[in-house]
Amino acid sequence: MTASPSDPSVDLVTLGQRLRHLRRTRGMTLDQLSAAVGRAPSQLSLIENGKREPKLSVLQAIAGALGVPMQDLLRPEAPSRRAGLEIELAHFQQNPAYQALGLPAVRAGRRLPADALEALIGMHRELNRVLTEQTATPEVARRANAQLRADMRRRDNYFAEIEQAAARVLQSVRHTTGPLSQRGILDIAAQIGFTLHYVNDLPSSTRSVTDLKNRRIYLPQVASGKGHDPRAVVLQTLGHFVLGHNDPADYGDFLRQRVEVNYFAAALLMPEKFAVDFLAEAKADRALAIDDFRDAFGVSYETAAHRFTNLATHHLGIPVHFARVHESGIVYKAYENDNVRFPSDVTGAIEGQPVCRKWASRTVFEADDPYSSFYQFTDTTAGTYWCTVHVEATSSGLFSVTVGTPYEHSRWFRGGDVTGRTVSHCPDPDCCRRPPAQLVDRWSGNAWPSARVHSHLLAALPPGTFPGVDNRDVYDFLERRA
């Protein structure tokens, strides 16, 4: 069976290249071929450039005029290496991703030098590779996150250079003790050369926008949600400039910068010297408590829990783990240097995995009063751990924030004498993931749940220097504000 020009397997660009090659091989001009087939030269030129699909009768007339079987025009391979490169360039320039850049198309005629054609093809291949990587962002992000967590573990989540940078900033504004006030934050911004502006029309994909031209930082008028300290957003933004960050080179670099500015903000809100003194005194009294740590510095519970993991191992010799878990049981954030075995996928990523139903991060939701201080011992395959858990309400539902430590270190904490205890055999599926046999017998084959898929787990992030941020929205916002 012979292919026809309307066959979807026939590539019009390749067809046009084969037509042009055969015409030139026969020594015919467009005008001569036009006269032979009774079609205008402009129509034949569009066919040769892959911009018009010829009718079967026209193609038969062209093949007859060139003295070749029509199958020679419809073959899928390029007639020469040069023609193959020209076909590849045409395909690249027809790609919607390239057209979205608004750049002109380059006509790959005989006047285009071979080295220029090779260079264009090389750049298009690299552009295509980068765009392909961006479409795989969820997997790229998970691998990068796993690598970053391993680096944090090697450091015991303690960054001496960021502690020093935060100390220098506090010294420059003469902040000595107590919670960092709004006045102090304004002074820090001024020291770094920025003014702060609170607005109600920030792009939805951003937490803040910095105008580097006019040295302005735009921030939301209302805090982003319960449990979040609005001061932290300002300090995280300033942290990029204090720590000398450049545009992130890749997703791993983007995540590293985010961890560093979060650390920097916490180090300003809870300065190392005062925080360590407070914790050391509490440890001596065997009364360490994240709640007390939070209240002493006027921060959110999650900020206090994060800050505790920065300092506990390095200064107090207490290995710890941290987890932020949704009420559905899914891990959103996690860190450990105490060998607790978080669930993970084949990439080593923890985020998005369901935590054991026996762990305190989940049993807290079944407590009579989940919003009060909650403590629990859990026997796991890696040992026994003590945990303290706090539940916070957000627009996305309830989350538990957990700080845990091996059994032998529980004596330093308030609530370390709790009697509540569970036993976890995960990752054994019989622990909490496999339904009981009687329920399997009753419902297997009789249930059809419709899964709620979180779109952010599947979708690629908008392309740009900063993953997840729509540059068009940002530039439109800055233009309005300018």
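Patches here are made of residues with over 30% relative accessible area and no salt bridge, with like charges joined within 9 Å and nonpolar side chains (Val, Leu, Ile, Met, Phe, Trp, Tyr) within 5 Å. The model is predicted: local features need pLDDT of at least 70, side-chain atom pairs count only at pLDDT 80 or more, and totals for chains, interfaces and linings use all residues. Residues are numbered from 1 along each chain as its sequence is written, and side-chain values use heavy atoms, leaving out hydrogens and water.

**Exercise 1.** Find which residues form the positive surface patch, then place Lys51.

*Solution.* Step one: the patch consists of Arg24, Lys51, Arg107, Arg110 and Arg111. Step two: Lys51 sits in the loop between α3 (41–48) and α4 (56–66). Step three: with a relative accessible area of 68%, Lys51 is exposed (exposed is over 50%, buried under 20%, partly exposed in between; 1.4 Å probe, protein chains only).

**Exercise 2.** Work out what the salt bridge of Arg23 ties together.

*Solution.* Start with the partner: Arg23 pairs with Glu48, their closest N and O atoms being 2.7 Å apart (a salt bridge is a side-chain nitrogen of Lys or Arg within 4 Å of a carboxyl oxygen of Asp or Glu). Arg23 lies in helix α1 (residues 12–25) and Glu48 in helix α3, so the bridge ties together parts 25 residues apart in sequence. Finally, check burial: Arg23 is buried at 7% relative accessibility, and Glu48 is buried at 3%.

**Exercise 3.** Describe the bridge between Arg153 and Glu336.

*Solution.* First, the closest N and O atoms of Arg153 and Glu336 are 3.0 Å apart. Next, Arg153 lies in helix α9 and Glu336 in strand β5, so parts 183 residues apart in sequence are tied together. Lastly, Arg153 is partly exposed at 31%, whereas Glu336 is buried at 16%.

Methods:
Accessible areas come from the Shrake-Rupley method with a 1.4 Å probe; for residues, only the protein chains shown count as cover. Lys and Arg count as positive and Asp and Glu as negative; His and the chain ends are not counted. The place of a charge is taken as NZ of Lys, CZ of Arg, CG of Asp or CD of Glu. Helices (H or I, at least four residues) and strands (E, at least two) are DSSP runs, numbered from the N terminus.
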